[in-house]
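The following exercises concern side-chain pairing, surface exposure and helix packing. Please work through each task before reading its solution.

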Amino acid sequence: ITTYQNTATEIAVYRDGRKFLLSDLGFGYAQLIPILFTILRVASESIVWQAKYIEVIKRCLSFEESRNERPKIFIEEPESNLHPDFQAKLADLFVKASKLFGIQFIIETHSEYLIRQLQCLTARKDINPEDISIYYFNNPIKIPEGEKQVNKIEIRQDGILKQDFGSGFYDQAANSTYDLFRLIGDN
């Protein structure tokens, strides 16, 4: 990060020894910066951050008992304009920040990749299923017969979902693939 005469800021990413300006990498990268800065700001202000460096506080605090007092970050659609690989890496970022700094994330997403990565992280034991809550919101106008508008979906220890998402979420890729093969067969 370079600031010029306190009026302009240039953010660069270094990859394989080469410098890339953030403005040249696409809108998705630019959207990650506020998320990263928010995590750093909340972490630096949180007691968990301080507990990493102050032994007395480390011995006195139990965040499992005070889960509601943990710092929270609300993020709406962090996957917007991101490549699927980066959408999955968001899950890694959120889990690591939660473990390191005690931050609780409340995320609104449509990203299958982010959720699938949470499943993988659970199966690898990088996160406990009890530390993840997923809620699927059905369209209030089109609530399926016998369903609630809001359904809780749990992840098992092995990463498998205990409940299904509503129609059009995970099944959409399979449905589109089936349609494509059917169309190819018709031609």
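Nine salt bridges are counted here, a salt bridge being a side-chain nitrogen of Lys or Arg within 4 Å of a carboxyl oxygen of Asp or Glu. The model is predicted, so that local features need pLDDT of at least 70 and side-chain atom pairs count only at pLDDT 80 or more, while totals for chains, interfaces and linings use all residues. Residues are numbered from 1 along each chain as its sequence is written, and side-chain values use heavy atoms, with hydrogens and water left out.

**Exercise 1.** Determine how E45 and R41 are placed relative to each other in helix α1, and state the N to O distance of their salt bridge.

*Solution.* Step 1: the N to O distance between the side chains of E45 and R41 is 3.4 Å. Step 2: the two residues are four apart in helix α1, and therefore about one helical turn separates them; helices are DSSP runs (H or I, at least four residues), numbered from the N terminus. Step 3: E45 is exposed at 52% relative accessibility, whereas R41 is partly exposed at 45%. Here buried means under 20% relative accessible area, exposed over 50%, and partly exposed in between (1.4 Å probe, protein chains only).

**Exercise 2.** Examine the pair D85 and K89: which helix holds both residues?

*Solution.* Step 1: both belong to helix α4 (residues 84-101), where they are four residues apart, about one turn of the helix. Step 2: their side chains form a salt bridge with an N to O distance of 2.7 Å. Step 3: D85 has a relative accessible area of 37% and is partly exposed; K89, at 41%, is also partly exposed. Step 4: elsewhere, D179, R182 and D186 are joined into one network by salt bridges that share partners.

**Exercise 3.** Describe the packing of helices α4 and α5 by the distance between their axes, their crossing angle and the handedness of the crossing.

*Solution.* Step 1: the axes of α4 and α5 (residues 112-123) come within 8 Å and cross at roughly 50 degrees. Axes are lines fitted to C-alpha atoms, for helices over the stretch in contact, and angles run from 0 to 180 degrees between N-to-C directions. Step 2: α4 and α5 are therefore oblique to each other, since angles under 35 degrees count as roughly parallel, over 145 as roughly antiparallel, 65 to 115 as roughly perpendicular and the rest as oblique. Step 3: the crossing of α4 and α5 is right-handed, meaning that the near helix is turned clockwise from the far one by less than a right angle.
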